[in-house]
Amino acid sequence: MKQRIITGIVLLLVLLPCVYFGELPFQILISIVTGAAVFEVLSICDRPKANIYLYPLLGIFVFYSLFVEKGLLISPEVIILYLIVLLACSMFDDGMNFMRVCYYFLSGVLIAMGFHLLYILRISYGFEYILLLALATFGTDTGAYFTGLKFGKHKLNPRLSPKKTIEGSIGGMILGTVISSAYGAYIHIGEIPLFLLIVSCFVLTITSQIGDLTFSSMKRTFEVKDFSQLLPGHGGILDRFDSILFNAMVFGLLLHFIAMVV
C-alpha cells in the first residue's frame, strides 16, 4: 500500500503540470505513455509471443493516429489500412491466427483512439475537457470502490473482475455523474446544454466501467495479473489508465454527436 501511495503521488506531480500547461510538456508526456502502452499490449501475448515486427507496426499506426490525424476521430481509411496490413501479415506469420489478428486490431484501435482523443481534447478543446473526463472516470472508480466496500453483495462480473459489485457500480455511476455534471455546469463547458451535459456524464460513468472490464478481459485472455510493472504498486500504464483511455474515445463520439444537434 505504501508503494502504491508513493507511486500515485509521483504520478500526480508529473501528470498534472504537463496536462495543465499543455503544449510541449503534454506532447512529451503523451508520447512516453503511448509508447509504453504499445509495449504493454503486445508484451502480454504468450504462446506464442508477439513477433518483434509487430511493435513498430502497431507503434506506427498508434503514433500516426496520435499526431498526424487532426480530426476529432481517426479517419476510417487509416483504421481499414491497419486491418489490411495485419491480415496480410497473418498470411506469413504462423503465430497470427484469426483470434490473434482480432486482438492486435481491437487493442490497437482502442489505444490509438484513446490517446488520439486525449491529445485532441487537451490541444484543441482545453484543459477543462480533460478535467471533466477525469472527474467522470475517476469519480466512478472512487464511488464504486467505497459503495462496494460498504454495501456490495451482488457480483457484477465474477469472470472478469471478482471484486466488483452491482451496488458499487451504481454508486460509482451516481458519484461520477454528479461531480462531473456539477463541474461542467459550473464552468458552462463548451456551451453544451445542461440536459446533454448530464446525459453525457452519465454515459461516461457506464463506459468507464465497460473500459475497465474490457482491459481486464485482455489480461484474463493471456492469464496475466497486470500489463506490466512500470508503475510499482499499480501495475502498468494500461492498468492505471484503462478506463480513461476508453472514456476518451467515448467522449469524442459524444462531442461529435452533440455538435450535430446543437
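In this predicted model, helix H5 runs over residues 98-125. H5 is 28 residues long, and its first and last C-alpha atoms lie 38 Å apart, close to the 40 Å expected at 1.5 Å a residue. Most of H5 is tucked away: 21 of its 28 residues are buried. Where H5 starts, Asn97 lends a side-chain oxygen, which comes to within 3.3 Å of the backbone nitrogen of Met99. Just after the other end comes Gly126, with a positive phi near 130°.

H5 also matters for the tally of the nonpolar core. The largest such core in the model holds 74 residues, and Phe61, Leu86, Tyr104 and Phe115 are the ones with the most contacts inside it. Quite a list of helices chips in at least two residues each, namely H1 (2-21), H2, H3 (54-67), H4 (76-90), H5, H6 (127-151), H8 (194-221) and H9. H5 gives the largest share, with 15 residues. As a general point, nonpolar side chains in soluble globular proteins tend to be buried together. To pick one of those well-connected residues, Phe61 touches Val78, Ile79, Tyr82, Gly108, Val109 and Ala112, once residues up to four places away in sequence are set aside.

Next comes H9, which covers residues 237-261. With 25 residues, H9 stretches 36 Å from first C-alpha to last, close to the 36 Å expected at 1.5 Å a residue. Like H5, this helix is mostly covered, with 18 of the 25 residues in H9 buried. H9 does have a kink, though: a bend of about 40° centred on Ser243. What surrounds Ser243, leaving aside its neighbours within four places in sequence? The contacts are Thr137, Asp141, Ser208 and Asp212. Ser243 itself is buried, because its relative accessibility is 3% and the cut-off for buried is under 20%.

Helix H6 has a residue worth a look as well, Gly139. At 6% relative accessibility, Gly139 counts as buried. Neighbours within four places in sequence aside, Gly139 is in contact with Ala134, Gly172, Leu175, Gly176 and Ile179. The chain also brings Ile174 into the picture: Gly139 and Ile174 are 35 residues apart along the chain, yet their C-alpha atoms are separated by 8.9 Å.

Helix H2 takes up residues 23-43. H2 has 21 residues and a span of 30 Å between its first and last C-alpha atoms, close to the 30 Å expected at 1.5 Å a residue. Its buried residues include Phe26, Leu29, Ile30, Val33 and Thr34, and also Glu40. Phe39, another H2 residue, is partly exposed, with a relative accessible area of 44%. The C-alpha atom of Phe39 sits 8.6 Å from that of Gly59, which is 20 residues away along the chain.

A few spots stand out for their backbone geometry. Most residues other than glycine have a negative phi, and most peptide bonds are trans. Glu23 goes the other way, with a positive phi of about 55° although it is not a glycine. Glu23 belongs to H2 and is exposed, since its relative accessibility is 56% and exposed means over 50%. His188 likewise has a positive phi of about 55° without being a glycine. His188 lies in the loop between helix H7 (166-187) and H8, and with a relative accessible area of 55% His188 is exposed. The peptide bond from Arg47 to Pro48, for its part, is cis, with omega near 0°. Pro48 falls in the loop between H2 and H3.

Finally, the cysteines. How many disulfides does the model have? The count comes to zero. Cys102 is in no disulfide, and the nearest cysteine sulfur to it, that of Cys45, is 13 Å away. That rules out a pairing for Cys102, because a disulfide needs two cysteine sulfur atoms within 2.5 Å. Cys102 is partly exposed, with a relative accessible area of 28%, whereas Cys201 is buried at 1% relative accessibility.

Key:
Residues are numbered from 1 along each chain as its sequence is written. This is a predicted model: local features need pLDDT of at least 70, side-chain atom pairs count only at pLDDT 80 or more; totals for chains, interfaces and linings use all residues. Side-chain values use heavy atoms; hydrogens and water are left out. Helices (H or I, at least four residues) and strands (E, at least two) are DSSP runs, numbered from the N terminus. Buried means under 20% relative accessible area, exposed over 50%, partly exposed in between (1.4 Å probe, protein chains only). Contact means heavy atoms within 4.5 Å. A nonpolar core is a set of buried Ala, Val, Leu, Ile, Met, Phe, Trp, Tyr and Cys residues joined through side-chain atoms within 4.5 Å. The expected span of a helix is 1.5 Å times one less than its number of residues. A polar contact is a pair of N or O atoms within 3.5 Å; within protein, one must be able to donate a hydrogen and the other to accept it, and residues adjacent in sequence count only if both atoms are side-chain atoms. The bend at a residue is the angle between axes fitted to the seven residues ending there and the seven starting there.
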